[in-house]
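Trainee: Could you take me through one part of this protein in detail? I would like to follow the charged side chains and then see what surrounds them.

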Amino acid sequence: MASDWTSILSNVGKSAQFFGTVSAGVGAAQTAEGKKTAYRLLGKIAGQNVAFSGKQAAQAAKVGEFQQEQILLRAGEIGAKQKVALAANGVRITGGTARQLNLTNQYNRDRALLTIGRNTTQQINAAEAQMQSFLTKQSLYASEANSISSTQSGISGFLNSGGASAIASLAPLLMSAS
């Protein structure tokens with residue numbers, strides 16, 4: 001009788017070991033599938049960030065162009081007001097102080113235009129560099145997602161948790177049942 005109980009308990013233990021290793025394999029497969037899904041989602045987010053960075057670059061170009069137009073309008077307005085004021089006071093607007101004032105206005109206008117152009121270029125370059133970074137991340141995430149195999153992970157998890165020995169220990173039990 002004692003040997004029957006020993007045999008029964010041994011078989012229960014072997015069965016529990018087998019189901020534990022199966023559970024480990026299933027868990028490993030589910031974990032792999034979760035990682036694959038996470039990498040795909042990260043890839044989608046990176047793709048959205050690529051689009052956003054492209055829009056930032058385009059917006060920086062538009063803002064820079066607008067600011068330069070505003071400088072040109074303002075400089076023209078200032079120059080016209082100065083010429084009217086000088087003429088109203090009887091000053092010749094083609095020479096001397098008036099010419100010097102006009103040259104100073106042109107210099108200030110050109111300096112402002114260059115500053116805006118330089119700042120705009122820096123903003124566009126930064127947005128494009130950021131876009132390139134997100135493209136690289138998107139590619140990396142896609143590669144990671146494609147390299148994950150839930151089946152392979154499940155088999156590895158099963159074998160690493162003693163699946164082969166669990167099957168070997170259950171084989172005599174399964175053979176005697178048939």
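Mentor: Happy to; we will begin with the salt bridges and then turn to some buried positions and a surface patch. Please keep in mind that this is a predicted model. The protein chain averages a pLDDT of 84, and 83% of the residues score at least 70. Confidence is highest in helix α2 (residues 96-147), with a mean of 93, and lowest in helix α4 (residues 163-177), with a mean of 60. Where pLDDT is low, the predicted coordinates should not be read in detail.

Now to the charges. The count of salt bridges comes to 3. R74, E77 and K81 are linked in a network, and E77 takes part in both of the pairings described next. On one side, the side chains of E77 and R74 meet with N and O 3.1 Å apart. These two residues lie in helix α1, 3 residues apart, which is about one turn of the helix. On the other side, E77 pairs with K81, where the closest N and O atoms are 3.3 Å apart. K81 and E77 are also both in helix α1, 4 residues apart, again about one turn.

How open are these three side chains? R74 counts as partly exposed because its relative accessibility is 45%. E77 is partly exposed too, with a relative accessible area of 36%. K81, at 53%, is exposed, since the cut-off for that word is over 50%.

Another salt bridge joins D110 and R109, with the closest N and O atoms 2.9 Å apart. D110 is partly exposed at 35% relative accessibility, and R109 is partly exposed at 26%.

For a contrast, look at two buried positions. N105 is in helix α2, and its relative accessibility is 18%, so N105 counts as buried. Leaving aside neighbours within four places in sequence, N105 is in contact with I78, G79 and Q82. T120 is found in helix α2 as well. Its relative accessibility is 12%, so T120 is buried, and T120 touches A60, A61 and G64 when residues up to four places away in sequence are not counted.

Lastly, there is a nonpolar patch on the surface. W5, I8, L9 and V12 make this patch of about 430 Å². One of these residues, V12, is found in helix α1 (residues 2-88), the helix that also holds R74 and E77.

Definitions and conventions
Residues numbered from 1 in each chain as written. Predicted model: local features only at pLDDT ≥ 70, side-chain atom pairs only at ≥ 80, totals over all residues. Heavy atoms only, no water. pLDDT = per-residue confidence, 0-100. Buried < 20%, exposed > 50% of the residue type's maximum accessible area, 1.4 Å probe, protein only. Contact = heavy atoms within 4.5 Å. Patch = residues over 30% accessible without salt bridge, like charges linked within 9 Å, V, L, I, M, F, W, Y side chains within 5 Å. Areas by Shrake-Rupley, 256 points an atom, 1.4 Å probe, with all protein chains shown as cover. Salt bridge = Lys/Arg side-chain N within 4 Å of Asp/Glu carboxyl O.
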